[in-house]
Amino acid sequence: RRRPLRYGPLRLEFVTWPARVRSAKTRQRTIDGVSVRLATPVQAFCDALEQPRLGASFPEMLRVLRTGLATRALTASALGAHARAVNSPALARRLGLLLELATTNVDQELAAIAQRSHAWTSGDRLQERASDSRWRVRLSRSRDDITRAATS
């Protein structure tokens with residue numbers, strides 16, 4: 001555990017996640033002569049979906065996903081493979097919904113993982129006002145509102 005770090009106007013907070021430390025996909029980079037391990041884009045995106053309190057709102061995550069897909073920093077196949085490896089219904093639900101909103105395609109394997117449990121999953125840390133029955137995700141906004149907010 002470390003104290004928060006300032007990087008320009010940003011404040012970076014370190015979060016202890018013991019299980020993830022051993023299995024996370026990372027890249028080694030040297031920044032100002034210091035060797036640093038950074039999560040891969042797929043790992044970072046999926047981590048933010050697994051722990052919504054650490055990530056952004058659903059519209060912002062959709063915007064990040066669309067940008068990642070457009071720049072090829074993220075691919076639907078790599079994200080899906082990661083989610084299938086983690087095998088978490090909550091991750092499959094959040095990722096499946098975002099991939100559907102971004103690409104209009106439904107990943108049937110993620111849908112099968114998502115529907116393995118009858119429980120519902122929170123979409124993000126905001127107050128829940130809507131829900132998506134295909135993915136069993138409770139949302140702070142409707143699908144249309146999320147899509148509109150991600151493009152504004």
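**Note on a predicted model: cavity, helix contact and strands**

1. Sorted by class, the residues that line the largest cavity are 6 nonpolar, 2 polar and 2 charged. The model is predicted, and the points below should be read with that in mind.

2. The structure holds 1 cavity of 30 Å³ or more. The volume of the largest cavity is about 40 Å³. Its lining consists of Ala 48, Leu 49, Pro 52, Ala 56, Ser 57, Phe 58, Met 61, Arg 94, Gly 123 and Asp 124. The two charged members of this lining are Arg 94 and Asp 124, and the two polar ones are Ser 57 and Gly 123.

3. Which helices each supply at least two residues of that lining? They are helix H2, residues 41-50, and helix H3, residues 58-71. Ala 48 and Leu 49 are lining residues within H2, while Phe 58 and Met 61 are lining residues within H3. Arg 94, also in the lining, falls within the range of helix H5, residues 89-103.

4. H5 also packs against helix H7, residues 143-151. The angle of the packing is about 65° and the axes lie 11 Å apart. The crossing of H5 and H7 is right-handed. On the H5 side, Leu 97, Glu 100 and Leu 101 make the contact; on the H7 side, Arg 143, Ile 146 and Thr 147 do so. By class, this contact is made up of 3 nonpolar, 1 polar and 2 charged residues. Glu 100 of H5 and Arg 143 of H7 are the charged pair of names in that count.

5. Turning to the strands, S3 (residues 26-31) and S4 (residues 34-39) run antiparallel and are joined by 6 bridges. One of the pairings sets Thr 30 opposite its bridge partner Ser 35 in S4. The two strands form a hairpin with 2 residues between them. Asp 32, in the turn, has a positive phi of about 50°.

6. A separate point concerns an open sheet of 3 strands, in the order S5-S7-S6, with mixed pairing. Which strands stand at its edges? They are S5 (121-122) and S6 (130-132); each has a single partner strand, so one side of each is left without a neighbour in the sheet.

7. Within this sheet, S6 pairs with strand S7 (residues 137-139) in the antiparallel sense, over 3 bridges. Asp 132 has Val 137 in S7 as its bridge partner.

Technical notes. Residues numbered from 1 in each chain as written. Predicted model: local features only at pLDDT ≥ 70, side-chain atom pairs only at ≥ 80, totals over all residues. Heavy atoms only, no water. Pairing = 2+ DSSP bridges. Helix = DSSP H or I, 4+ residues; strand = E, 2+ residues; numbered from the N terminus. Axes fitted to C-alpha atoms, helices over the stretch in contact; angles between N-to-C directions. Left-handed = near helix turned anticlockwise from the far one by under 90°. Contact = heavy atoms within 4.5 Å. 1 Å grid on protein atoms, 1.4 Å probe; cavity = no way out; pocket = protein on both sides within 12 Å on 5 of 7 lines; lining within 4 Å. Points joined across faces, edges and corners; volume = space filled by probe spheres on them.
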